[in-house]
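Here are my notes on this one, point by point. Have the coordinates open while you read.

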2 protein chains.
Amino acid sequence: MVNFLAPVQALMPLVDERMRMQAANHHPELGAALEHLLISGGKRIRPAVALLTGGMLGADTDRLVTLAASIELLHTATLVHDDLIDGALLRRGIATLNAQWSPAATVLTGDFIFARAAKLASETNSVSVIQLFSETLATIVNGEINQLFSGHGLASRENYFTRIHAKTASMFELATAAAALLSPVHDDTVEAARAFGYELGMAFQIVDDVLDFTGEQATVGKPVASDLRQGLVTLPALNFLQCYPDDPDLNAVLENNRYNNATIERLVNAIRESGSIEKAMDEAKIFITRAMNILLTFPDCPERRALQELSGYIVDRQL
Amino acid sequence: MVNFLAPVQALMPLVDERMRMQAANHHPELGAALEHLLISGGKRIRPAVALLTGGMLGADTDRLVTLAASIELLHTATLVHDDLIDGALLRRGIATLNAQWSPAATVLTGDFIFARAAKLASETNSVSVIQLFSETLATIVNGEINQLFSGHGLASRENYFTRIHAKTASMFELATAAAALLSPVHDDTVEAARAFGYELGMAFQIVDDVLDFTGEQATVGKPVASDLRQGLVTLPALNFLQCYPDDPDLNAVLENNRYNNATIERLVNAIRESGSIEKAMDEAKIFITRAMNILLTFPDCPERRALQELSGYIVDRQL
């Protein structure tokens, strides 16, 4: 367990407990599915961000735990439908739900988790939090639909940043802004919290996209350059494209034109050697610097220091 | 247009407008999909019930229109995922979304409509309405999961009534209870409104299940006994089973054991001739009588008279 969780260490098991409770009194398979998803779940970074932000700003602990559980369940539900759509069989090295269940059961389980996430959001008793929650869900889904319908070839930085906002940063914004909404603070502090979540989330996704190029399969749990293999062009490849607009391998991927394993391997090596990955990391660090600057406007406290550490961890975790 | 809509006639186009607005500023395909779904949508009976109940109890019109749009979108989203799961290519004689789009696009469109329904529910500014909304979504999805995992052979009346509550009556309860929650009334009136929605919804689904046996394919837009063909045993078949527990055709369906078109046709004729359909209609009428009795506890007004007419229409529509 990393250090930055220390101020909310005691609350994290409560968040897990709140999530597990959501399958009670429903079909037993739903409990089994939720248990599987929570065990194979990640580092709970979104609930940690919500708990730390709310702790820093003075939110009521019980409502904060409810919010954190709601956000992690929303994240979980989107992953269930994403993995089904992508036909992904593994996530973090563990079998996905759709690898074991029919598409019908997977769709419905995702729907059920959405329903319970919405229920938890409503239990914060804040209409503003609930509105933000449902707007975020619409943003995430709209982003996936954009990606689905645009497909290969849309290789602009603007498109990339819009996409990672919808996919990742929007949920970090939800975590920080909703935590602020549950706190005794003014609108400008809510806005500052939202902006912090935005910068953190953008950096988080850029680093994720970098790790897709630098990570070892054994660590990341999926093949190197899995995005590129699916025709998805992320920041390292976009930086490379800027320097080498005529690269035949990248253009083959962009045009979805007869590319294979050998194409991808040549391209990954070329991208690694071009300095494009370091350039992407520098961009992630710019987001983190802005996040750190926003943090300095909040009162100094253990939670703020933890969020500073967490921000640093986000850009260092590739090492 | 049937008469019972008269008191809310002017509001129905506002409900449609509120629904259509939900795709604005999102991917254009979402607008096209929503338009298609709204055009192929049904008689808007759920929003009409919400508008009439709220009108009767004195709810604010604008919040009521928002609620009605939210409920119809929730209903629409569940149909999108249902049709995908069942592989249904037609609904009311019009192509379903999944008949034209990939499973991925269909899943995401359903998710998007859920998100917008939740957003609209939150715009009623009532935490109680939002909680009821998300509980109803969980009830509906849990019911579908029960049906998916139990499959053929679960032929008890208790199971049937639980299933039609989850599938249909829960959303009628939402329509009437949420409309009451937006009205200046006490808790016991909210509870009476909910109970009215329950009785109405149960009757509505029983009659739907009867129409599956009596309707002509051209009118209903699907083959006669489509439920039975999928191994789904509804009230007419359950009544038949009570009189003829050893019927080989029904047992073949229940045991999912080599049944075909000829089996179904023999079985439909036997059910039609046994009086089981009339018995099911009598049961629907008992629910409607209870609904009517609850209505009499509300103040007499055009909306109440419309709800009385609507209740009568629900059991008469098979004629």
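1. Start with A:Arg44, which has 21 C-beta neighbours inside 10 Å and therefore counts as buried, the cut-off being 20 or more. The residue sits in the loop between H2 and H3 of chain A. Its phi is positive, about 55 degrees, even though A:Arg44 is not a glycine. Bear in mind that this is a predicted model, so please check the backbone here by eye.

2. A second non-glycine residue with positive phi is A:Asn125, where the angle is near 65 degrees. You will find A:Asn125 in the loop between H6 and H7 of chain A. Is A:Asn125 buried or exposed? Neither, quite: with 15 C-beta neighbours inside 10 Å, A:Asn125 counts as partly exposed.

3. Another arginine to look at is A:Arg163, in helix H8 of chain A. A:Arg163 is buried, since 20 other C-beta atoms lie within 10 Å. Leaving aside residues up to four places away in sequence, A:Arg163 touches A:Gly143 and A:Gln147. As for A:Ile45, 118 residues away along the chain, its C-alpha atom is separated from that of A:Arg163 by 20 Å.

4. Staying with H8(A) (residues 157–181), look at how it packs with H4(A): the angle is about 170 degrees and the axes are 10 Å apart. That makes the two helices, H4(A) and H8(A), roughly antiparallel. H4(A) brings A:Leu64, A:Leu67, A:Ile71 and A:His75 to the contact, while H8(A) brings A:Met171, A:Leu174, A:Ala175, A:Ala178 and A:Ala179. By class, the residues of this contact between H4(A) and H8(A) are 8 nonpolar, 1 polar and no charged.

5. Now the contact between the chains, to which chain A and chain B give 35 residues each. On the chain A side, the elements giving two or more residues are H2 (28–39), H4 (61–86), H6 (103–122) and H7 (127–150). Which of them gives the largest share? H7(A) does, with 14 residues. The side of chain A that touches chain B has 20 nonpolar, 9 polar and 6 charged residues.

6. H16(A), residues 302–316, passes a simple length check: at 1.5 Å a residue, its 15 residues should span 21 Å, and the end C-alpha atoms are indeed 21 Å apart. Its buried residues are A:Glu303, A:Arg304, A:Ala306, A:Leu307, A:Leu310, A:Ser311, A:Ile314 and A:Val315. Their cover includes H3 (45–57), H9 (187–214) and H15 (276–295) of chain A.

7. Over in chain B, H14(B) (residues 261–273) can be checked in the same manner: its 13 residues should span 18 Å at 1.5 Å a residue, which agrees with the 18 Å between its end C-alpha atoms. B:Leu267, B:Val268 and B:Ile271 are buried in H14(B). Down the axis of H14(B), the buried residues fall within an arc of 105 degrees, so they line one face of the helix. An α-helix has 3.6 residues a turn, so residues three or four places apart point the same way.

8. What do the buried residues of H14(B) pack against? Their partners are H9 (187–214), H11 (226–229), H12 (235–243), H13 (248–254) and H15 (276–295) of chain B. The face of H14(B) turned away from the buried side carries exposed B:Ala262, B:Asn269 and B:Glu273. Just after H14(B) comes B:Gly275, with a positive phi of about 85 degrees.

How values were computed:
Residues are numbered from 1 along each chain as its sequence is written. Chains are lettered from A and ligands numbered from 1 in the order in which they are written. This is a predicted model: local features need pLDDT of at least 70, side-chain atom pairs count only at pLDDT 80 or more; totals for chains, interfaces and linings use all residues. Two residues are in contact if their C-beta atoms, placed from the backbone, lie within 7 Å. Helices (H or I, at least four residues) and strands (E, at least two) are DSSP runs, numbered from the N terminus. Ala, Val, Leu, Ile, Met, Phe, Trp, Tyr, Cys and Pro count as nonpolar, Asp, Glu, Lys and Arg as charged, and the others, Gly among them, as polar. Axes are lines fitted to C-alpha atoms, for helices over the stretch in contact, and angles run from 0 to 180 degrees between N-to-C directions. Angles under 35 degrees count as roughly parallel, over 145 as roughly antiparallel, 65 to 115 as roughly perpendicular and the rest as oblique. The expected span of a helix is 1.5 Å times one less than its number of residues. A residue is buried if 20 or more other C-beta atoms lie within 10 Å of its own, exposed if 12 or fewer, and partly exposed in between; C-beta atoms are placed from the backbone. The arc is that of the directions from the helix axis to the C-beta atoms.
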